Amino acid sequence: MNDVLTVHGGTPLVGSIQVRGAKNLVSKAMVAALLGDEPSVLRNVPQIRDVGVVSGLLELHGVHVEEIPGPEGELRLDPSNVIQAHVADIDAHAGSSRIPILFCGPLLHRLGEAFIPDLGGCRIGDRPINYHMDVLRQFGAVVEKEPNGIAIRAPRRLQGTKLKLEYPSVGTTEQVLLTSVLAEGVTELTNAAIEPEIMDLIAVLQKMGAIISVDTDRAIRIEGVDRLGGFTHRAMPDRIEAASWASAALATKGDITVLGARQQEMMTFLNVFRKVGGLLDIGDDGIRFSHPGGELNSLVLETDVHPGFATDWQQPLVVALTQASGLSIVHETVYENRLGFTHALSQMGAQIQLYRECLGGRPCRFGRRNFMHSAVISGPAKLHGADITVPDLRGGFSHLIAALAAEGTSRVRGIGLIDRGYEHFEQKLQMLGANYER
Ligand code: EPU
């Protein structure tokens, strides 16, 4: 039962905490190390479960992963002896992460084949992998469905190609990058995603010897090379974790300084935070996020690919919006099912209504289908404690914030899921004065 947190809410979170490297870059940079013929060094790596999962997968494939003790959060990755992993071993990792899919390109280059178990990840929609398989086929790979996963082969060296994504998927853009860098010839990718974590992955690949240019119209051009070396890189800060704590400050009427948070990748979030009425103090070492003391403002918000408002920022912010005066509208356009977590908030006293219609400024691809992907939030609502179960990583953190903001005691179940992406979150809660027991 130690997966349950008993939270006594109603106390503002106040103090300073540190965020380290972005989960959504670190895991990809670790996979990139597989492409090199020399060891790589990644710094600012957070101690989160997803890093453990990727380390495990890399080790199964013969990569020596060494954690260097010390404040730098340093990982050394030596890919000199890449081997074929046993299907059963890879399969044992199925259900724990979506990262295995990004092993395809590197493994096809190094071994000529790859096996991808049925994938896990957060329950925030169907999360299919059709785009990934389509692009791999276009590079010349042969993709075959097997009972417990997908087998992929490269009968000969993969060939650069012209690709256009139907939707600017983050993972598929990364798939293309990790596959094209060692493919023969030029690859052109249009309608690519350009999230900051992708730009940081491009920086990693460039350090390894790749030739990649990014045009203003979200087009990426990769000139394949014959070999890649290692890299030494400091991961960009986790802008999603930083925004999660910022929302916690608003929801609990608190004052949180997030050391390590960087303005550059958070501009869209910072604008919204300010429009809601939050106070910001942007410094060299981090950003201070605080509640203004008076009322918060409601607003209309749409999630989108970068440089829009990131979907991963949406769930924690919705908790803060339950405390804003008036009606807020949130239109989720990246995932069809990322508002399910609001049922628990309603159970706690929040006034939230979900709609199938696109209630933001523009119709999205989920409109006129059966997806509850718009929310109307009426505030301020008095939240009270409840028994709730964590649905997914960001939704889970949002439940935790709601429990901290609520009057009375809540039991939050399944909080182990939060360890996937929030480093030492219990320790941080303690530093911010939260009142809870595990
Ligand atoms: N999609 C398809 N087919 C595909 C791939 C994606 O239809 O083959 C759809 C998805 O179902 C979704 C949309 O495209 O509706 C966008 O998905 P995307 O591929 O961009 O997401 P991802 O690469 O699987 C990463 C992050 C997510 C983040 C999204 C969007 C990692 C490990 N995950 O996922 O982060 O929400 O990009 O920015 O980088 C999180 O950190 O909590 C998290 C879920």
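**Exercise 1. Backbone outliers**

Between which strand and which helix is the loop that holds Asn191 found, and is this residue buried or exposed?

Solution.
- Asn191 is found in the loop between strand 10 (186-190) and helix 7 (196-208). Helices (H or I, at least four residues) and strands (E, at least two) are DSSP runs, numbered from the N terminus.
- The model is predicted, so local features need pLDDT of at least 70 and side-chain atom pairs count only at pLDDT 80 or more, while totals for chains, interfaces and linings use all residues. Residues are numbered from 1 along each chain as its sequence is written, and side-chain values use heavy atoms, with hydrogens and water left out.
- Asn191 counts as buried because its relative accessibility is 19%. Buried means under 20% relative accessible area, exposed over 50%, and partly exposed in between (1.4 Å probe, protein chains only).
- Asn191 is not a glycine, yet its phi is positive, about 55°.
- Arg368 also has a positive phi of about 55° without being a glycine. Its place is the loop between strand 20 (351-355) and strand 21, and it is exposed because its relative accessible area is 90%.
- Most residues other than glycine have a negative phi, and most peptide bonds are trans.

**Exercise 2. Cis peptide bonds**

Which residue does a cis peptide bond join to His306, and which residue follows Gly379 across a cis bond?

Solution.
- His306 is joined to Pro307, with omega about 10°. Pro307 lies in the loop between strand 18 (300-302) and helix 10.
- Gly379 is followed by Pro380, with omega near -5°. Pro380 lies in the loop between strand 21 (374-379) and strand 22.

**Exercise 3. Annotated positions and the pocket**

Which residues annotated as "binding site" line the largest pocket?

Solution.
- The unreviewed UniProt entry gives the annotation "binding site" to Arg98, Asp312 and Val334. The lining of the largest pocket takes in Arg98, Asp312 and Val334 from this set.
- The unreviewed UniProt entry also gives "binding site" to Lys23 and Asn24. Lys23 and Asn24 are likewise in the lining of the largest pocket.
- UniProt positions are in the numbering used here, feature names are shortened, and annotations may be inferred rather than shown by experiment. On a 1 Å grid over the protein atoms alone, a pocket is an open set of points with protein on both sides within 12 Å along at least five of seven lines, and lining residues have an atom within 4 Å of a point.
- Asp312 is in helix 10 (residues 311-321) and counts as buried because its relative accessibility is 15%. Not counting residues up to four places away in sequence, Asp312 touches Asn24, Ile240, Arg338 and Arg394; contact means heavy atoms within 4.5 Å.
- Val334 sits in the loop between strand 19 (324-331) and helix 11 (342-347). Its relative accessible area is 14%, so Val334 is buried.
- Lys23 lies in helix 1 and counts as buried because its relative accessibility is 9%. Beyond four places in sequence, the contacts of Lys23 include Asp50, Asp238 and Arg394.

**Exercise 4. Strand 23**

In what sense does strand 23 pair with strand 1, and in what sense with strand 22?

Solution.
- Strand 1 (residues 4-8) pairs with strand 23 in the antiparallel sense over 5 bridges; two strands pair if DSSP finds at least two bridges between them. The bridge partner of Val4 in strand 23 is Arg413.
- Strand 22 (residues 387-389) pairs with strand 23 in the parallel sense over 3 bridges, with Asp387 opposite Arg411.
- Strand 22, helix 12 (residues 393-405) and strand 23 make a right-handed β-α-β unit. Right-handed means that, with the strands pointing away from the viewer, the path from the first strand over the helix to the second runs clockwise.
- Strand 23 (residues 409-413) has Ser410 and Val412 on its covered face, and Thr409, Arg411 and Arg413 on the uncovered one.

**Exercise 5. Nonpolar cores**

How many residues does the largest nonpolar core have, and which of them touch the most other members?

Solution.
- The largest core has 73 residues; Met30, Leu58, Phe103, Ile152, Leu177, Leu205 and Ile212 touch the most other members. A nonpolar core is a set of buried Ala, Val, Leu, Ile, Met, Phe, Trp, Tyr and Cys residues joined through side-chain atoms within 4.5 Å.
- Another core of 71 residues lies apart from it, with Ala243, Ala310, Ala344 and Val412 among its members.

Conventions. 1 Å grid on protein atoms, 1.4 Å probe; cavity = no way out; pocket = protein on both sides within 12 Å on 5 of 7 lines; lining within 4 Å.
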